Amino acid sequence: MAQLIMPAVAAIKAGGMSAALMAGGTILSTAGTIAAGSAANSAAKFEAKQLDQKATAERGTASHKAQEEHRQKRLVQSRARAVGAASGGGLDYGLDAAIEEEGTYRAMVALWEGEEAARGFEAQANARRFEGKQKQTASYFQAGSRFASGYSSLMDDFGPSLNEKYAGRRLRA
């Protein structure tokens, strides 16, 4: 790293204010790229947390729907039993079993739908977290590329004056 910095410092000294501005711009661009990657990762984590909360809420809603289906089943069974008793026919076990089966089925479907929706939100959350990490990692490579490009431009613009000034001497790290 010192082998990169020493020629840059010498170029800045040789090039004056314009070299210093070019080096400063390169540093700011590099830092900005890293900051943007970090911000993208933070935003992705925040969005993932919201999706995780949606998954939890979806499971709660599904549980409530399942309880409501059980309640409705009990009401229908009660009504069927009351009608059977009032008519003198008694309890129709086939009808009672069919009501039980249908009510249980509806409750299970409500839970399954909620679980599927929750898993979808969790998958989205995991994808957002992965995307955020990838953006942050990409920002490091992009920052390195910008730094190298800026360093190269600095050397192209002000390196020749260094060659004249330090001809025959070797820069030490």
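Helices here are DSSP runs of at least four residues, numbered from the N terminus. Going by that, Lys73 is found in helix 2. Keep in mind that this is a predicted model. The salt bridge count comes to ten, and a good way in is to look at the pairs that link helix 2 with helix 3, then come back to Lys73.

**Arg128 and Glu47**
- Arg128 and Glu47 join their side chains in a salt bridge, with 2.9 Å from N to O.
- Arg128 sits in helix 3 (residues 93-165) and Glu47 in helix 2 (residues 17-87), so this pair ties together parts that are 81 residues apart in sequence.
- Arg128 is partly exposed, at a relative accessible area of 25%.
- Glu47 is partly exposed too, with a value of 34%.

**Arg129 and Asp52**
- Next along is Arg129, whose side chain meets that of Asp52 in a salt bridge (3.1 Å, N to O).
- Since Arg129 belongs to helix 3 and Asp52 to helix 2, the pair ties together parts 77 residues apart in sequence.
- Arg129 counts as partly exposed at 27% relative accessibility, and Asp52 is partly exposed at 26%.

**Glu100 and Lys73**
- Glu100 and Lys73 also make a salt bridge through their side chains, at 2.9 Å from N to O.
- Glu100 is in helix 3 and Lys73 in helix 2, so the parts tied together here are 27 residues apart in sequence.
- Glu100 is partly exposed, with 33% relative accessibility.
- Lys73, on the other hand, is buried: its relative accessible area is 10%, and the cut-off for buried is under 20%.

**What surrounds Lys73**
- Setting aside neighbours within four places in sequence, Lys73 is in contact with Ile99, Glu100, Gly103 and Thr104.
- Glu100 therefore turns up twice for Lys73, as a contact and as its salt bridge partner, with the pair tying helix 3 to helix 2.
- For a backbone view, the C-alpha atoms of Lys73 and Asp96 are separated by 9.9 Å, with the two residues 23 apart along the chain.

**A salt bridge network**
- Salt bridges also link up into a network, made of Arg59, Glu115, Arg119 and Glu122.

Conventions
Residues are numbered from 1 along each chain as its sequence is written. This is a predicted model: local features need pLDDT of at least 70, side-chain atom pairs count only at pLDDT 80 or more; totals for chains, interfaces and linings use all residues. Side-chain values use heavy atoms; hydrogens and water are left out. A salt bridge is a side-chain nitrogen of Lys or Arg within 4 Å of a carboxyl oxygen of Asp or Glu. Helices (H or I, at least four residues) and strands (E, at least two) are DSSP runs, numbered from the N terminus. Buried means under 20% relative accessible area, exposed over 50%, partly exposed in between (1.4 Å probe, protein chains only). Contact means heavy atoms within 4.5 Å.
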